[in-house]
Amino acid sequence: MDGLMGVVDTAVTSPWFYLVLFAVAVVDGFFPVVPSESMVITAGVYAASGRPELVPVVAVAAAGAFLGDHVSYLVGRRAGGRLVRGARPGTRRHAAFGWARRTMDERGGLILVVARYVPGGRTAVTLTMGAVGYRLRSFSLFAAVAAVSWALYGAVLGYVGGVAFEDEPLKGVAVGLGLALGVTGAVEVVRFARRRRRGNEASEEEAGEEAGAVRSGPGGRRPAARVGPMPGE
């Protein structure tokens with residue numbers, strides 16, 4: 001364990017660490033198996049002791065995330081654009097792209113910022129925004145907000161762990177990662193609860209419409225009320 005911590009200490013305190021952090025944040029934008037959050041949190045832990053410094057860590061991680069999101073956006077714009085143009089009207093693919101375009105136009109900025117905190121989710125969102133032709137200027141604005149807030153969030157979580165366990169950086173990293181996982185879990189629980197509530201509301205609305213149709217009878221008209229005995233009764 002001491003040998004491992006020695007390697008981590010040497011790597012994180014090296015002047016080359018900023019370049020590695022930038023590269024990892026860029027790649028994570030379009031290839032989401034690279035653990036950029038873990039690296040930012042680890043850097044925040046060590047920043048509590050002064051090396052590396054907190055502000056450059058935030059700036060470098062944010063710049064890498066911003067660039068990586070744009071790479072994913074451009075990939076989606078090139079590859080997805082052909083899919084959109086090739087989708088025939090009336091097909092399920094055409095309807096899906098239409099829904100995605102409307103959703104992104106309405107609240108794409110919010111979706112992009114929130115997705116930055118969901119591993120893998122941000123790549124799906126940035127690819128989709130490129131595919132449906134979301135405006136690049138608006139994308140860049142919200143991508144900047146998402147990247148800076150994400151970098152600040154990860155670095156500060158690590159910094160808190162580093163301050164709490166100044167002489168035991170491994171515990172500081174564990175605390176920072178635990179806090180990040182806890183926040184991500186809470187976000188997922190809220191998203192699940194909202195999806196379930198919307199699903200229940202939609203089911204109740206459909207049930208109400210079906211019940212109304214049954215009461216109205218065929219053709220949407222209510223059966224005429226009987227005012228007297230029918231012939232033959």
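# Exercises on a predicted helical model

In this structure, the charged end of Arg116 lies over the ring of Trp150, at 4.8 Å from the ring's centre. The model is a predicted one, and the exercises below work through it piece by piece.

## Exercise 1: The overall build

Determine how many helices and strands the protein has, and describe how much of it is buried.

Solution. Begin with the secondary structure: the protein contains eight helices and zero strands, and reading along the sequence gives the pattern α-α-α-α-α-α-α-α. Next, turn to burial, where buried residues account for 33% of the 233 residues in the protein. The exposed surface comes to about 14300 Å², of which carbon and sulfur atoms supply 65%. Finally, look at the contacts with a separation of 6 or more, and note that 74% of them are between residues 24 or more positions apart.

## Exercise 2: An aromatic pair

Find out how the rings of Tyr117 and Tyr153 are arranged, and which parts of the chain the pair ties together.

Solution. As a starting point, a pair of aromatic rings is described by the distance of the centres and the angle of the planes. The structure holds two aromatic pairs, and one of them is formed by Tyr117 and Tyr153, with 5.3 Å from centre to centre and 75 degrees between the planes. Planes over 60 degrees apart count as edge-to-face, and this pair is accordingly edge-to-face. The next step is to place the two residues: Tyr117 belongs to the loop between helix H5 (92–115) and helix H6 (121–131), while Tyr153 belongs to helix H7 (residues 136–164), so the pair ties together parts that are 36 residues apart in sequence. As for exposure, Tyr117 has a relative accessible area of 25% and is partly exposed, and Tyr153, with 23%, is partly exposed as well.

## Exercise 3: The salt bridges of Arg122

Work out which side chains meet Arg122 in salt bridges, and decide whether each partner is buried or partly exposed.

Solution. The general idea is that side chains of opposite charge can pair when their charged atoms come close. The structure holds four salt bridges, and in one of them the side chains of Arg122 and Asp28 meet at 2.5 Å, N to O. This pair links distant parts of the chain, since Arg122 is in helix H6 and Asp28 in helix H2, 94 residues apart. Both partners are buried, for Arg122 has a relative accessibility of 2% and Asp28 likewise has 2%.

A further salt bridge joins the side chains of Arg122 and Glu37, at 2.9 Å, N to O. Here Arg122 is again in helix H6 whereas Glu37 is in helix H3, so the pair ties together parts that are 85 residues apart in sequence. Glu37, at 23% relative accessibility, counts as partly exposed.

To complete the picture, consider the salt bridge in which the side chains of Glu106 and Arg107 meet at 3.4 Å, N to O. Glu106 is exposed at 60% relative accessibility, while Arg107 is partly exposed, with a relative accessible area of 43%. Asp28, Glu37 and Arg122, for their part, are joined into one network by salt bridges that share partners.

## Exercise 4: Helix H6 and what follows

List the buried residues of H6, and identify the residue with positive phi that follows the helix.

Solution. Take the helix itself to begin with: the buried residues in H6 are Arg122, Thr123, Val125, Thr126, Met129, Gly130 and Ala131. Then move past its end, where H6 is followed by Gly133, a residue whose phi is positive, near 80 degrees.

## Exercise 5: Val33 and the nonpolar patch

Decide whether Val33 is buried or exposed, and state which residues make a nonpolar surface patch with Val33.

Solution. Locate Val33, which is found in the loop between helix H2 (17–30) and helix H3 (36–47). Residues count as exposed when their relative accessible area is over 50%, and because Val33 has a value of 61%, Val33 is exposed. The patch can now be described: Phe30, Phe31 and Val33 make a nonpolar surface patch of about 300 Å². As a last step, compare positions in sequence and in space, where Val33 and Gly120 are 87 residues apart along the sequence and 7.9 Å apart from C-alpha to C-alpha.

Terms used. Residues numbered from 1 in each chain as written. Predicted model: local features only at pLDDT ≥ 70, side-chain atom pairs only at ≥ 80, totals over all residues. Heavy atoms only, no water. Helix = DSSP H or I, 4+ residues; strand = E, 2+ residues; numbered from the N terminus. Buried < 20%, exposed > 50% of the residue type's maximum accessible area, 1.4 Å probe, protein only. Contact = heavy atoms within 4.5 Å. Areas by Shrake-Rupley, 256 points an atom, 1.4 Å probe, with all protein chains shown as cover. Patch = residues over 30% accessible without salt bridge, like charges linked within 9 Å, V, L, I, M, F, W, Y side chains within 5 Å. Phe/Tyr/Trp six-rings, centres within 6.5 Å; stacked < 30°, edge-to-face > 60°. Lys NZ or Arg CZ within 6 Å of the ring centre and 35° of its normal.
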